[in-house]
Amino acid sequence: DSKLPVTVTISEVSLILNNNITPEENKTPMIKTNQIGYRPNDIKIGFVTVEENIKNFSILNESGETVLRGKLESARRDELAGEYTSKADFSNLKEEGKYTLSVDGENSYIFSVAENVYDNIFKASYNFFYLQRCGFKVEDPVFGHEECHKGQARIIGTYDYKEADGGWHDAGDYGRYIVTGAKATADLLLAWEASKDNFDNQTLISEAKWELDWMLKMQREDGGVYHKITCKGFPGFVMPEEETEPLFICPVSTPATADFAGIMAMAYSYLKTDNNDFANICLEAAKKAWNYLETHGSETFKNPSTVMTGEYGDPYDKDERYFAAAALFEATGEQSYIEKAKELRKNKWKSEFGWEQMEGYGDEIILKNSDHIEDKEFVKSVKEAVLSVAEEYADTALNKSGYGIAYDNFVWGSNGYILDRAHLLSIAADMSGKEKYKRAARSHLDYVLGNNPMGICYVTGFGTASPQQPHHRPSVAKEQVMEGMLVGGPDQGLQDPFAENLLSGKPPMKCWVDHFQSYSTNEIAINWNSALVYSFAKIIYGE
């Protein structure tokens, strides 16, 4: 028995107190543009915060000379931003160069007009996935690291162990999750399909396969799929190989199993030409997972009491099952899967994209394969559902929003969800040929690149003003920001103490702070970055 008192030594602890934002730090620019820039033939929109109607704007070149004049649209109140804005349309600016948007003596940040203006940010956005690899020696001058998180992991609730090396680190920490991984992988496969004619890059396929290889290890013999693998708690702000606590595999869930079935079937359809052996492994795993779903009701996921890492719980699995049925039809051509999809689609949910809303991916697969579906009424109902949502989004983005987006519930990861809406608008544009859907999709991309109330390009390392302190362990550990990461963005729920202390009372669209302690507004995640990759691939390179 120890005798009291005892001496306790605590090391490697830092205390950061930052309870104030100075007026200068909180200042946002009056004029907002897409800080990356525009291609010569793009629609080019900027927004101006106004207190009264201002009539005119100018475009200035690098020498400060006026090269274009125009009239601002009437001011529009955006309650979510707590301000009035006027829109500047300078689409007639065609000549390549560097410019600023000038209004009433104020200038925007410099932006470029060039045909290749998106090449670097697009490459950085998907190179992020390589840098997020787990169980792999990453080669990079700054963010390279040794193999991490390898070896046997304990299956919680049993005395059994299993190896599940690989995959991507999910977010600002080092957990790996099936539900977000499936969503991110689907985006990369779709991005490759959309952009390969104009930007043929096998990196998207190789990264998707890296995640798929890991996911295959997460399937149980009976077809069920484990929800996640993490340590029991979050590590400090260290590089991944320095997190050496034991790994735990958490229980099977049906949302994870359905997502697994869907993405494995989808992978078969994309990989069967170039990698048939691996594609066949994916399809067999998908069928095995589907058989598990057919014999099991909903099995939702809750963190075991000893596990404190992200839960990613989803109490509703019918949209994931629908995605799986649609993808299995595409892979096999068997109409029985369409019958299953029809039954699930009777739930009449709103067509959306997201890790917990996979019906959009199912709808997209159904519409792409409509010529092979016997029940044309079912296809018609899916098309009408997608177009109904797209019409609502386009009307809001183009006619009501002060910043060109259709989004009014600023939650954790709002930037990712905003780009997921660009995804839906893009497939609606393909179906209908309507320019307004394409234009609305583009305005959602412009928002995250600078056309927002904060005047921030929410992608790290790009634009004049971008996040400097993301909640991302490698960036904090190296004291250098990894490029190409989309931060979560405004979260009106103020779901971390740092945000709660600093942002209370702010309008929803301004509930963002650039600090690594604000995990609810400034974290990064694979399923947000994948939405960014898809948006670039489809909206910019898919034309």
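Select Lys340 and Glu294 to begin. Their side chains form a salt bridge, with the closest N and O atoms 3.1 Å apart. A salt bridge here is a side-chain nitrogen of Lys or Arg within 4 Å of a carboxyl oxygen of Asp or Glu. The pair links distant parts of the chain: Lys340 is in helix α7 (residues 335–345) and Glu294 in helix α5, 46 residues apart. Helices (H or I, at least four residues) and strands (E, at least two) are DSSP runs, numbered from the N terminus. At 36% relative accessibility, Lys340 counts as partly exposed. Glu294, at 41%, counts as partly exposed. The classes are buried under 20% relative accessible area, exposed over 50%, and partly exposed in between (1.4 Å probe, protein chains only).

A word on the model. It is predicted, so local features need pLDDT of at least 70 and side-chain atom pairs pLDDT 80 or more, while totals for chains, interfaces and linings use all residues. Residues are numbered from 1 along each chain as its sequence is written, and side-chain values use heavy atoms, with hydrogens and water left out.

Stay on helix α5 (residues 276–294) and pick Lys288. Its salt-bridge partner is Glu221, the closest N and O atoms being 3.7 Å apart. Glu221 sits in the loop between α3 (203–217) and β14 (228–230), 67 residues from Lys288. Lys288 is partly exposed at 28% relative accessibility, whereas Glu221 is exposed at 70%.

Next, select Lys436 and Glu391. Their side chains meet in a salt bridge of 2.6 Å, N to O. The bridge joins helix α11 (residues 435–448), which holds Lys436, to helix α9 (residues 376–399), which holds Glu391, across 45 residues. Lys436 is partly exposed at 31%, and Glu391 is partly exposed at 33%. Now add Arg39, Asp42, Arg442 and Asp446: salt bridges that share partners join these four into one network. The full count is 29 salt bridges.

Turn to the interior. Which residues touch the most other members of the largest nonpolar core? Select Tyr118, Met218, Met266, Leu445, Tyr447, Leu449 and Phe536; the core has 150 residues. Such a core is a set of buried Ala, Val, Leu, Ile, Met, Phe, Trp, Tyr and Cys residues joined through side-chain atoms within 4.5 Å. Helix α4 (residues 254–271) gives the largest share, 12 residues.

Zoom in on Tyr447. Beyond its neighbours within four places in sequence, its contacts (heavy atoms within 4.5 Å) include Tyr403, Phe410, Pro490 and Met509. Apart from the largest core lies another, of 17 residues, among them Val50, Ile59, Leu93 and Tyr99.

Now show the strands. Four of them form an open antiparallel sheet in the order β1-β3-β7-β6. Strands pair if DSSP finds at least two bridges between them. β1 (31–32) and β6 (76–78) stand at the edges with a single partner strand each, so one side of each has no neighbour in the sheet. Inspect β3 (residues 45–50) against β7 (residues 83–89): they pair over six bridges. Ile45 stands opposite Asp89 in β7.

Zoom out to finish. The chain has 15 helices and 15 strands. Its radius of gyration, taken over C-alpha atoms, is 24 Å. The C-alpha trace spans about 80 × 70 × 40 Å along its principal axes. Of the 543 residues, 58% count as buried.

Terms used: Rg over C-alpha atoms; globule rule 2.2 N^0.38 Å.
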